[in-house]
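Work through the exercises below with the sequence and the model open. Each one sets a task and then solves it step by step.

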Amino acid sequence: MFALMRHLSLAALLATTTLTPAIAQETTDQPVFGWVEKAFVEPWGVEVKAKLDSGALTSSLDARDIERFEKDGEDWVRFRLELEDEDSGDVFEKTLERPVNRNLLLRGAGGTSRRPTVIMTICLGDTRYEEDFSLRNRSKMNYPVLLGRRTISHLGVLDVDKTFLSDPSCDADSKTVPYADEK
């Protein structure tokens, strides 16, 4: 029985992108990211701390003053980014309008709520990733960007024991991984 449990545990471990440091270094040529990384919010190059959270499915972005509206018969959202640049210390503010990609239904102890998601681009390492982000006021949280499993699965390997394993370094020639709808 123990041998079967050990085999199942190893199979479960290998089926995820979250690996221990030794396994991550020995088994992959994919980029390895820590549970906290610096990232650029594109196209502005604002450097933020991003938490890679394998317990969350969907990524989340700090957004303020979220307003839903209709444009050309489609659902859109207007929101304000207010991000402190980790490199310069300057506060970046910008109001954006984006089409709603989907509406996230969240259930918790406090009841249910809906959150819009939008496609935004972030840079980790030397690659840009177009990803689906739920919009939420994260001003009271340590990290303005949370990257969930859907995003982590596109990045490479997550080393849960490390932080800041790469620096964002995207430029005009950097590869962009386009958003792929996973419905």
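**Exercise 1. Find the residue that stands opposite Asp62 in S11, then describe how S11 is paired and how enclosed it is.**

Step 1. Asp62 stands opposite Arg136 in S11. Strands here are DSSP runs of E with at least two residues, numbered from the N terminus. The model is predicted, so local features need pLDDT of at least 70 and side-chain atom pairs count only at pLDDT 80 or more, while totals for chains, interfaces and linings use all residues. Residues are numbered from 1 along each chain as its sequence is written, and side-chain values use heavy atoms, with hydrogens and water left out.

Step 2. Strand S5 (residues 59–62) and S11 run parallel and are joined by 4 bridges. Two strands count as paired if DSSP finds at least two bridges between them.

Step 3. Strand S10 (residues 111–124) runs antiparallel to S11, with 8 bridges joining them. Within this pairing, Val118 stands opposite Phe133 in S11. S10 and S11 form a hairpin with 2 residues between them, and Gly125 in the turn has a positive phi of about 60°.

Step 4. Strand S14 (residues 175–177) is joined to S11 by 3 bridges, and the two run parallel. The bridge partner of Tyr129 in S14 is Val177.

Step 5. Of the 10 residues of S11 (residues 127–136), 8 are buried, so the strand is largely enclosed by the rest of the structure. Buried means under 20% relative accessible area, exposed over 50%, and partly exposed in between, with a 1.4 Å probe and protein chains only.

**Exercise 2. State the strand order of the open sheet that contains S7, and name its edge strands.**

Step 1. The open sheet has 3 strands in the order S6-S7-S8, with antiparallel pairing.

Step 2. Strand S6 (64–71) and S8 are the edge strands, each pairing on one side only.

Step 3. From one strand to the next, the twist averages 15°. The axes behind this value are lines fitted to C-alpha atoms, and angles run from 0 to 180 degrees between N-to-C directions.

Step 4. S7 and S8 run antiparallel and are joined by 9 bridges. Phe79 stands opposite Leu96 in S8.

**Exercise 3. Locate Glu93, list its contacts and identify its salt-bridge partner.**

Step 1. Glu93 is found in strand S8 (residues 91–99). Its C-alpha is 6.6 Å from that of Leu83, and the two residues are 10 apart in sequence.

Step 2. Leaving aside neighbours within four places in sequence, Glu93 is in contact with Arg80, Leu81 and Glu82. Contact means heavy atoms within 4.5 Å.

Step 3. Glu93 forms a salt bridge with Arg80, and the closest N and O atoms are 3.2 Å apart. Glu93 lies in S8 and Arg80 in S7, so the pair ties together parts that are 13 residues apart in sequence. A salt bridge is a side-chain nitrogen of Lys or Arg within 4 Å of a carboxyl oxygen of Asp or Glu.

Step 4. Arg80 is buried, with a relative accessible area of 19%.

**Exercise 4. Which residues are linked with Glu93 in a network of salt bridges, and what is the total of salt bridges in the whole structure?**

Step 1. The network links Asp62, Arg64, Asp65, Arg80, Glu82 and Glu93. A search of the whole structure finds 10 salt bridges.

Step 2. Arg64 forms a salt bridge with Asp62, with the closest N and O atoms 2.8 Å apart. Arg64 counts as buried at 13% relative accessibility, and Asp62 is buried with a relative accessible area of 3%.

Step 3. Another salt bridge joins Arg102 and Asp132, with the closest N and O atoms 2.6 Å apart. This pair links distant parts of the chain: Arg102 is in strand S9 (residues 102–108) and Asp132 in S11, 30 residues apart. Asp132 is buried, at a relative accessible area of 7%.

**Exercise 5. Describe the surroundings of Asp85 and its nearest side chain of opposite charge.**

Step 1. Asp85 lies in the loop between S7 (74–84) and S8.

Step 2. Asp85 is buried yet has no salt bridge, and the nearest side chain of opposite charge, Lys38, is 8.5 Å away. Lys and Arg count as positive and Asp and Glu as negative; His and the chain ends are not counted.

Step 3. Not counting residues up to four places away in sequence, Asp85 touches Gly45, Val46, Glu47 and Asp90.

Step 4. A polar atom of the Asp85 side chain lies 2.9 Å from the backbone nitrogen of Ser88.

Terms used: A polar contact is a pair of N or O atoms within 3.5 Å; within protein, one must be able to donate a hydrogen and the other to accept it, and residues adjacent in sequence count only if both atoms are side-chain atoms.
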